[in-house]
Amino acid sequence: MSDNIFAEFLETLKKLDVDLKESQVKVANEAMNVMKRAAVQNTPVGVYDKEVDFTTSDGKHVHFTTSVARQGGTLRRGWHLSRTYVRKDQVQKYLTNNVDYAIYVNNGHRLVTVIEGERITTGYVSGQFFLESAVKTAERALPWIYDAELRRVKAKHGL
């Protein structure tokens with residue numbers, strides 16, 4: 001569906017005889033801003049108890065108590081937009097998360113316990129799929145982003 005809307009959008013811009021690249025950059029930037037906002041909003045924030053309990057990769061059990069409970073947010077703060085790249089027939093911009101465990105929280109992961117030096121799967125944590133949700137949000141926003149850009153172009157050129 002969005003391919004047809006995009007084709008109509010480009011066709012309308014061509015009929016208006018305006019700078020296509022400028023409009024493509026503005027649309028890409030706005031769509032990616034929507035995607036980033038959705039990704040940040042949907043990214044979970046961990047809450048960590050005063051009790052810390054885990055097993056290291058070499059099988060040692062670690063347990064200690066902290067003075068205060070903590071709230072995370074590293075994953076949520078990890079979202080970044082690249083600059084906008086303009087090439088021959090393309091405009092590209094990327095949304096990335098520089099937190100190393102982002103993919104595991106998004107897609108899900110297995111839980112592993114080390115018993116006598118052997119790694120055993122003991123469970124599975126379901127994925128949150130916040131990135132896929134952000135992409136869908138941006139796709140749903142495209143029609144109004146296209147409309148806003150067409151209104152801007154028409155106003156700029158007095159049409």
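Here are a few exercises, with worked solutions, on a predicted model.

**Exercise 1: Get to know helix α5**

Work out how far helix α5 reaches and where its kink lies.

Solution. Start with the ends. Helix α5 covers residues 130-156, which makes 27 residues. From the first C-alpha to the last, α5 reaches 37 Å, close to the 39 Å expected at 1.5 Å a residue.

Next, follow the helix along. At Leu-142 you meet a kink of about 45 degrees, shortly before the proline Pro-143.

Finally, look just past the helix. α5 is followed by Gly-158, and the phi of Gly-158 is positive, near 65 degrees.

**Exercise 2: Find the buried side of the list**

Which residues of α5 are buried?

Solution. The cut-off to use is under 20% relative accessible area for buried. In α5, the buried residues are Phe-130, Ala-134, Ala-138, Ala-141, Leu-142, Ile-145, Tyr-146, Glu-149, Leu-150 and Val-153. Let's check some of them by their values. Phe-130 has a relative accessible area of 2%, so Phe-130 is buried. Tyr-146 comes out at 6%, so Tyr-146 is buried too. Glu-149, with its 5%, is also buried. Keep these three in mind, as they come back below.

**Exercise 3: Trace a salt-bridge network**

How many salt bridges does a search of the whole structure find, and which residues are joined into one network?

Solution. The search finds four salt bridges. Side chains of opposite charge can pair when their charged atoms come close. Now take some of the pairs in turn.

- Step one: Arg-152 and Glu-22 form a salt bridge, with the closest N and O atoms 3.5 Å apart. Arg-152 sits in helix α5 and Glu-22 in helix α2 (residues 20-42), so this pair ties together parts that are 130 residues apart in sequence.
- Step two: Lys-156 also meets Glu-22 in a salt bridge, at 3.3 Å from N to O. Lys-156 is in helix α5 and Glu-22 in helix α2, so here the parts tied together are 134 residues apart in sequence.
- Step three: Glu-149 forms a salt bridge with Arg-152, and the closest N and O atoms are 2.7 Å apart. These two are three residues apart in helix α5, which means about one helical turn separates them.

Put the steps together by looking for shared partners. Salt bridges that share partners join Glu-22, Glu-149, Arg-152 and Lys-156 into one network.

What about exposure? Arg-152 is partly exposed at 26% relative accessibility, and Glu-22 is partly exposed at 27%, whereas Glu-149 is buried at 5%.

**Exercise 4: Sort the aromatic pairs**

How many aromatic pairs does a search of the whole structure find, and what is the geometry of the pair Phe-6 and Tyr-146?

Solution. The search turns up five aromatic pairs. In Phe-6 and Tyr-146, the ring centres are 5.9 Å apart and the planes make 45 degrees, and the pair is tilted. Phe-6 lies in helix α1 (residues 2-16) and Tyr-146 in helix α5, so the pair ties together parts that are 140 residues apart in sequence. Phe-6 is partly exposed, at 29%, while Tyr-146 is buried, at 6%.

Now try Trp-79 and Phe-130. Their ring centres are 6.0 Å apart and their planes stand at 85 degrees, so this pair is edge-to-face. Trp-79 belongs to strand β5 (residues 79-81) and Phe-130 to helix α5, 51 residues apart, and the pair links these distant parts of the chain. On exposure, Trp-79 is buried with 5%, and Phe-130 is buried with 2%.

One last step: look for a cluster. Ring pairs link Phe-6, Phe-9 and Tyr-146 into one.

**Exercise 5: Look at the surface, then measure a span**

Which residues make the nonpolar surface patch of about 310 Å², and how many Å separate the C-alpha atoms of Ile-120 and Ala-148?

Solution. The patch is made by Tyr-101, Ile-103 and Tyr-104. Of these, Tyr-101 is in the loop between β8 (95-97) and α4 (102-107). Tyr-101 is partly exposed, with a relative accessible area of 34%.

For the span, begin at Ile-120, which has its place in strand β10 (residues 118-126). Ile-120 counts as partly exposed at 32% relative accessibility. From its C-alpha to that of Ala-148 the separation is 54 Å, with the two 28 residues apart along the chain.

How values were computed: Residues numbered from 1 in each chain as written. Predicted model: local features only at pLDDT ≥ 70, side-chain atom pairs only at ≥ 80, totals over all residues. Heavy atoms only, no water. Helix = DSSP H or I, 4+ residues; strand = E, 2+ residues; numbered from the N terminus. Expected span 1.5 Å × (residues − 1). Bend = angle between axes of the 7 residues up to and from the residue. Buried < 20%, exposed > 50% of the residue type's maximum accessible area, 1.4 Å probe, protein only. Patch = residues over 30% accessible without salt bridge, like charges linked within 9 Å, V, L, I, M, F, W, Y side chains within 5 Å. Areas by Shrake-Rupley, 256 points an atom, 1.4 Å probe, with all protein chains shown as cover. Salt bridge = Lys/Arg side-chain N within 4 Å of Asp/Glu carboxyl O. Phe/Tyr/Trp six-rings, centres within 6.5 Å; stacked < 30°, edge-to-face > 60°.
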